[in-house]
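Me: I'm new to this structure and would love a close look at a single part of it. Could you walk me through that part, and then show me what surrounds it?

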Amino acid sequence: MCCPSATLAVWSSAWLSGAAASDDVLDALGAWGEAHEVVAHDEATAEVFDVPVSGEVPAPPARLLGALRRLGTTDGRLVLPVAGDVRGLGAGGPFASAALRAGEALVFADLGFGVVPQHVAEGLWRWTVFTLTGHPLSGTPAPEYVPLGEAEHGLTEAVRESAGTLRALDVARDRPGVRAELSARLRSRPRPEWPPGMPGRALRVLQRAEEIGAILGLAQADEPGGAVSASAAARRAEALRPLGDAVRRARCAAVNEAVRLFARTSETS
């Protein structure tokens, strides 16, 4: 669940640590689309990763995996940027712009590169490798580390606070068939497998975030909901914003904790 970047983050880390085979990584990506291809944003990046530059015949994803192993990384971190929260993307540049458009990316801060997926056609995803633009003072960006327990607690608190705010604004209402809608939304999401050794707590937090994200999606799609005025609708959207932030934060924390544990296994083996 979550997004293609989450799948690649966890499975590539498992493969690099020896906990999964390369075919397992490719099979997991298949849950999002039948075909995946890899290009580089510019010539310099293409040379480092040994993949074609954008506009040329793309490479298969196995080429990206091979480059990650050759370059010696085990630590690709998930970022889920939105307007107003672009932490982990660096000082602007092509990577930050592409990641913001996609709403997701994978950051290899130790290498100074990032990867952004794009759904280009039915069943086809293109992964573009970018050089990260470092800040002149702080250097190469690194995704914020959020302890899993902190993210899980924040998700619970955001649910409680958002529900209370919506009740106070009188903009939450019952909808006939909402449970069926929610079940259908969850069933429609791709369900990639996770590698052996995936931390149980990370899975639990991901599942909880997925369920709340589906509820949030229904609430946002139900505009203007129970709102009786434009101002009430605006307050309703404001009430839901912290919940969306908490869902993104929990997803990133769960995925990045799994990556961290797989990477630690690799270091100690």
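Me: Which residues is alanine 31 in contact with, leaving aside its neighbours within four places in sequence?

Reply: Leaving aside those neighbours within four places in sequence, alanine 31 is in contact with Pro190, Arg191 and Pro192. Please keep in mind that this is a predicted model. Along the chain, alanine 31 and proline 190 are 159 residues apart, yet their C-alpha atoms are separated by 5.9 Å. Alanine 31 itself sits in the loop between H2 and strand S1, which covers 35-40. Is alanine 31 buried or exposed? The answer falls in between: alanine 31 has a relative accessible area of 34%, so it counts as partly exposed.

Let's step from that loop into the helix on one side of it. Helix H2 spans residues 22-29, and its axis comes within 10 Å of the axis of helix H4, residues 61-71. The two axes cross at roughly 130°, which makes H2 oblique to H4. The crossing of H2 past H4 is right-handed. On the H2 side, Ser22, Val25 and Leu26 take part, and they meet Pro61, Ala62 and Leu65 of H4. Sorted by class, this contact of H2 with H4 has five nonpolar residues, one polar residue and no charged ones.

H4 has another helix packed against it. Helix H1, residues 4-16, packs with H4 at an angle of about 55°, and their axes are 11 Å apart. That angle makes H1 oblique to H4. H1 also passes H4 in a right-handed crossing. From H1, the contact is made by Leu8, Ser12, Trp15 and Leu16, while H4 brings Leu64, Leu65, Gly66, Leu68 and Arg69. These residues divide into six nonpolar, two polar and one charged. If you look for Leu65 of H4, you will find it in the contact with H2 and again in the contact with H1.

Staying with H4, leucine 71 is a good residue to find next, as it is placed in this helix. At 28% relative accessibility, leucine 71 counts as partly exposed. What does leucine 71 contact, leaving aside its neighbours within four places in sequence? Its partners are Val48, Phe49 and Leu111. Leucine 71 and aspartate 110 are 39 residues apart in sequence, with a C-alpha to C-alpha distance of 9.9 Å.

A little further along the numbering, you can look at a pair of charged side chains. Side chains of opposite charge can pair when their charged atoms come close. Aspartate 75 and arginine 77 meet through their side chains in a salt bridge, at 2.5 Å from N to O. Of these partners, aspartate 75 is partly exposed, with a relative accessible area of 25%, whereas arginine 77 counts as buried at 14% relative accessibility.

The structure holds 13 salt bridges, and a few others are worth a visit. Arginine 249 forms one with glutamate 150, where the closest N and O atoms are 2.6 Å apart. Arginine 249 lies in helix H9, residues 230-268, and glutamate 150 in helix H6, residues 148-169, so this pair ties together parts that are 99 residues apart in sequence. Arginine 249 is partly exposed at 28% relative accessibility, and glutamate 150 is partly exposed too, with a relative accessible area of 42%.

Within H6 you can find another pair: arginine 160 and glutamate 157 form a salt bridge at 2.5 Å, N to O. They are three residues apart in helix H6, so about one helical turn separates them. Arginine 160 counts as partly exposed at 48% relative accessibility, and glutamate 157 does as well, at 24%. Elsewhere, salt bridges that share partners join Asp85, Arg87, Asp245 and Arg248 into one network.

Finally, here is the wider setting for the loop you started from. The protein chain has nine helices and five strands. From the N terminus on, its elements run α-α-β-α-α-β-α-β-β-β-α-α-α-α. Of its 269 residues, 46% count as buried. Among contacts between residues at least 6 apart in sequence, 67% join residues at least 24 apart. The contact between alanine 31 and Pro190 is one to revisit with that in mind, as these residues are 159 residues apart along the chain.

Note on methods:
Residues are numbered from 1 along each chain as its sequence is written. This is a predicted model: local features need pLDDT of at least 70, side-chain atom pairs count only at pLDDT 80 or more; totals for chains, interfaces and linings use all residues. Side-chain values use heavy atoms; hydrogens and water are left out. A salt bridge is a side-chain nitrogen of Lys or Arg within 4 Å of a carboxyl oxygen of Asp or Glu. Buried means under 20% relative accessible area, exposed over 50%, partly exposed in between (1.4 Å probe, protein chains only). Helices (H or I, at least four residues) and strands (E, at least two) are DSSP runs, numbered from the N terminus. Axes are lines fitted to C-alpha atoms, for helices over the stretch in contact, and angles run from 0 to 180 degrees between N-to-C directions. Angles under 35 degrees count as roughly parallel, over 145 as roughly antiparallel, 65 to 115 as roughly perpendicular and the rest as oblique. A crossing is left-handed if the near helix is turned anticlockwise from the far one by less than a right angle, and right-handed if clockwise. Contact means heavy atoms within 4.5 Å. Ala, Val, Leu, Ile, Met, Phe, Trp, Tyr, Cys and Pro count as nonpolar, Asp, Glu, Lys and Arg as charged, and the others, Gly among them, as polar.
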